[in-house]
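The following report describes the architecture, the nonpolar core and selected side-chain pairings of one protein chain. The sequence and structure are shown first.

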Amino acid sequence: MEWTNMDVLKILQIGVIGLGFLLAALAYHLLTKEQKHETPRPDILKSIYFFMSFSVVLCVIGIISQTIGVDIGRQSSPSAFSSFNSKRDSILYNYFVYSVDAQNHQLCNTSRFLYSEKPIDTENMSIEGKIIGELIIDKKSDDFEYLAFGNKNKYFLKILHDDGVAFLESEAGDYIGYWIGEANAPGINAVICPIVFSPDAKGLSVEEAKSKWSILNDPCRILTRLNEISK
């Protein structure tokens, strides 16, 4: 049997069981080749049998570890998931630019991030929730809702959802930075846009938001190469 690099990678992605299977298949291949010799070579056969035994042990270890992992997951997942998602008592109010046209600079000021958080260590939190808001596109209301995940502490906030990722730094209690993501405009692959998350500033008008956070006066920029992020 001929193995390609892609085949090997797919098998190894399974884990210990995949490695054991790959070693067993290799041992079988070696044993088949050895059988073609007219005179058996005891040392080679002994090595092949040892190789096969080792691969079987790996497979057994993999099966046992997965079984234990599934049992532990069944015991802990419901309560962990419940405690992580049962509360949506934390809110960050979201303000962001969503137009790549500098002459028609659109700002969303109705978005909010409802989330729960889970401690990672003494300073960092893992967060999970939902971003809900409304955009005005071609004078029409367009509601949106995204599942979002990330990490935060008193220094930074990182949020990911289906369309992009936001990196923000803490400034006077608010999180201020940029969102990098897909663009829906023709001929544009990605954009970088100013974005703000605030725990307190609820329902500001466009003018109030731009006055409070000067970064929101900057338009989105089109990205054609990664090195343009720093420009």
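## Fold and core of the predicted model

Read along the sequence, the protein chain of this predicted model runs through the order α-α-α-β-β-β-β-β-β-β-β-α-β. The chain has four helices and nine strands. Of its 231 residues, 32% count as buried. The chain exposes about 15,200 Å², and carbon and sulfur atoms supply 58% of that area. Among contacts with a separation of 6 or more, 44% are made by residues 24 or more positions apart.

**Nonpolar core.** In soluble globular proteins, nonpolar side chains tend to be buried together. The largest nonpolar core of this model has 33 residues. Tyr-95, Phe-113, Leu-157, Ile-159, Phe-197, Trp-213 and Leu-216 have the most contacts inside that core. At least two core residues come from each of strand 1 (90–97), strand 2 (107–119), strand 3 (125–137), strand 4 (140–152), strand 5 (156–161), strand 6 (164–171), strand 7 (174–182) and strand 8 (190–198).

Leu-216 illustrates these contacts. Not counting residues up to four places away in sequence, Leu-216 touches Tyr-95, Phe-96, Val-97, His-105 and Leu-107, as well as Pro-194, Ile-195, Val-196, Ala-209 and Lys-210.

**Disulfide.** A search of the whole structure finds one disulfide. The bond joins Cys-193 to Cys-220, with an S to S distance of 2.1 Å. The link between Cys-193 and Cys-220 is right-handed, with 115 degrees about the S-S bond. Cys-193 lies in strand 8, whereas Cys-220 lies in the loop between helix 4 (206–212) and strand 9 (221–223); the pair, 27 residues apart, links distant parts of the chain. Cys-193 has a relative accessible area of 3% and Cys-220 one of 6%. Both values are under 20%, so both residues count as buried. Cys-108 is likewise buried, at 1% relative accessibility.

**Aromatic pairs.** The whole structure contains six aromatic pairs. One of them is formed by Phe-96 and Phe-144, which meet edge-to-face at 6.2 Å centre to centre with 70 degrees between the planes. Because Phe-96 lies in strand 1 and Phe-144 in strand 4, this pair ties together parts that are 48 residues apart in sequence. Phe-96 and Phe-144 are buried. Phe-144 also pairs with Tyr-146: the ring centres are 5.8 Å apart and the planes stand at 40 degrees, so this pair is tilted. Ring pairs link Phe-96, Tyr-98, Phe-144 and Tyr-146 into a cluster.

**A histidine in strand 5.** His-161 is found in strand 5. Leaving aside neighbours within four places in sequence, His-161 is in contact with Ile-131, Tyr-146, Leu-147, Ala-148 and Trp-179. Tyr-146 therefore appears both in the aromatic cluster and among the contacts of His-161.

The table lists the relative accessibility of selected residues.

| Residue | Relative accessibility | Class |
|---|---|---|
| Cys-108 | 1% | buried |
| Cys-193 | 3% | buried |
| Cys-220 | 6% | buried |
| Phe-144 | 12% | buried |
| His-161 | 17% | buried |
| Tyr-146 | 24% | partly exposed |

At 17%, His-161 is under the 20% limit, so this residue counts as buried. Tyr-146, at 24%, lies over 20% but not over 50%, and therefore counts as partly exposed.

Key:
Residues numbered from 1 in each chain as written. Predicted model: local features only at pLDDT ≥ 70, side-chain atom pairs only at ≥ 80, totals over all residues. Heavy atoms only, no water. Core = buried A, V, L, I, M, F, W, Y, C linked by side-chain atoms within 4.5 Å. Buried < 20%, exposed > 50% of the residue type's maximum accessible area, 1.4 Å probe, protein only. Contact = heavy atoms within 4.5 Å. Disulfide = S-S within 2.5 Å. Areas by Shrake-Rupley, 256 points an atom, 1.4 Å probe, with all protein chains shown as cover. Phe/Tyr/Trp six-rings, centres within 6.5 Å; stacked < 30°, edge-to-face > 60°.
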